[in-house]
Amino acid sequence: MKIENIKTLGQLKAAGYSSKSIKEELRDNLIEKIKSKSTVFEGVHGYENTVIPELERAILSKHNINLLGLRGQAKTRLARLMVELLDEYIPVVEGSEINDDPIKPISRYAKSLIAEKDDDTPIFWLHRNERFAEKLATPDVTVADLIGDVDPIKAANLKLSYADDRVIHYGMIPHANRCIFVINELPDLQTRIQVALFNILQEGDVQIRGFKLRLPLDIQFVFTANPEDYTNRGSIVTPLKDRIGSQILTHYPNDIDTAKRITQQEAKINEVQGNLVKVPELAKELLEQIGFEARKSEYIDLKSGVSARMSITAYENLISSAERRALKSGDDRTTVRLSDFMGVIPAITGKVELVYEGEQEGADFVAKELIEAAIKSLFVKYYPKVEKLKKQEEETPYDDVIHWFFNGGGFELLDDVNNATYNEQLGSIKPLDQLIKEYQSETVAEEVNFMKEFILWGLVAFKQLSKYRFTEGTQFQDPYGNYINNLK
């Protein structure tokens, strides 16, 4: 019998339905996914051999879970994706505010209704997408919010005494019976609220205002926490940690390719921008390398982490910078330039927490340092290493470029020039063509100029050239150019 035809308890029994707990649901459906080699947590990258196996083990063990990690590590996304491991529909006693199982009712309302109507008790089917509840732990959260309290208005309307359990107003957790319930930033929850969770986690029942009320709630709890919260804003009390079955450590992407996949998946780029702006693969790598540099920078508080959201918003800003430039110059299509990376600075400064030294230097300075450090790190992947010390007569692959600047006296690259002017300006530095031909000959035509800019910025990072940033663009000179400018 199809579920849409099952509308009473009697029909449900006749169909052979047998109830099971939410943890059994998750376990059974995970087993099926593993056997069929299906992807369990779609869209989560970089956790295939670390976090996801631990999460699967926790589900198979029917544990409540704490996801512990720095910001921007997909903790909440993992919790939300667990919904896909639930049965598509489950039956619920109609009118129940805590999703009573018709076979195993726990509320007074459901028990009374079944006692009265027996097999004619009406039921409805709850979809798995409605079986997810989430609460951000903030200092103003109360026990009444999460668990429940006596409702004087209900008592007055129903003319009940306060000794009657029907005056209880259930909180978010009882309403999430037979659901996945997520509490984000658990350490921010006040200690007395954490204590109120003890019985729910261990015995599965709730205590409200001294009522002798036993509700064996069926809930899959998932908590998220930042390890730094244990000492800064609050802590998870030890007895509560003891009641959480599995604590799983999350992490940032371990390589640039994984980080790129995450950014490309999450960035909100519309079709118009996608058709107007081409992004070289090197630009995508450089953007992710900025995040890697930030996570080891002496100017940034590493304990607070550098969220993956930084790369995502920086990528959106990068596209928008190129789009704005093309709109101003009248180009129908453009390719991201390295100078467009100045447009990602606001996305960086808003996403990192600076230590004292960083505050002294300023957020804008730190962001530019990260961009330069990223260029320096990637440069040696594409071109020969620039040796710090070399003999005076020793030749290097970059001699012709450096000599061009010594002889030419400098080169200005304006930010908002059109494609034709940009191509002409970079095309004037002929030694760059030879470098690309020798070391990056497979570079496609559309990306050649980005590669040329990359060489110039790389040589600046290795102190082979100097760079001066002015309002409308960037000036490149020989290594002593800035020094001479400063003397003028």
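These legends accompany a few close-up views of a predicted model.

**View 1. Phe379 and Phe454 meet as a tilted aromatic pair.** Searching the whole structure turns up 15 aromatic pairs, and here is one of them. The ring centres of Phe379 and Phe454 are 5.8 Å apart, with 45 degrees between the planes. Look at where the two partners come from: Phe379 belongs to helix H18 (residues 363-382) and Phe454 to helix H22 (residues 448-461), so that the pair links parts of the chain 75 residues apart. Phe379 has 0% relative accessibility and therefore counts as buried. Phe454 is likewise buried, at 0% relative accessibility.

**View 2. Phe379 also pairs with Phe462.** The centres of these two rings lie 5.8 Å apart and their planes make an angle of 50 degrees, so this pair is tilted. It connects distant parts of the chain, with Phe379 in helix H18 and Phe462 in the loop between H22 and strand E13 (466-470), 83 residues apart. Phe462 counts as buried because its relative accessibility is 16%, under the 20% cut-off. While you are here, find Lys376, which lies over the face of Phe462 at 5.3 Å from the ring centre.

**View 3. Ring pairs build an aromatic cluster.** Step back from Phe379 and its two partners to see the wider group. Ring pairs join Phe379, Phe454 and Phe462 with Tyr382, Tyr383, Tyr398 and Tyr439 into a cluster.

**View 4. Arg337 sits over the ring of Tyr422.** This close-up shows a charge and a ring. The charged end of Arg337 is placed 3.9 Å from the centre of the Tyr422 ring.

**View 5. Helix H21 has a buried side and exposed residues on the other.** In H21 (residues 430-439), the buried residues are Pro431, Leu432, Leu435 and Ile436. These four lie on the same side of the helix because they cover an arc of only 140 degrees around the axis. The spacing is a familiar one: an α-helix has 3.6 residues a turn, so residues three or four places apart point the same way. On the other side of H21 you will find Lys430, Lys437 and Glu438, which are exposed.

**View 6. The buried residues of H21 pack against two helices.** Their packing partners are helix H19 (399-408) and H22. H22 should be familiar from the first view, as it holds Phe454.

Definitions and conventions:
Residues numbered from 1 in each chain as written. Predicted model: local features only at pLDDT ≥ 70, side-chain atom pairs only at ≥ 80, totals over all residues. Heavy atoms only, no water. Phe/Tyr/Trp six-rings, centres within 6.5 Å; stacked < 30°, edge-to-face > 60°. Buried < 20%, exposed > 50% of the residue type's maximum accessible area, 1.4 Å probe, protein only. Lys NZ or Arg CZ within 6 Å of the ring centre and 35° of its normal. Arc of directions from axis to C-beta. Contact = heavy atoms within 4.5 Å.
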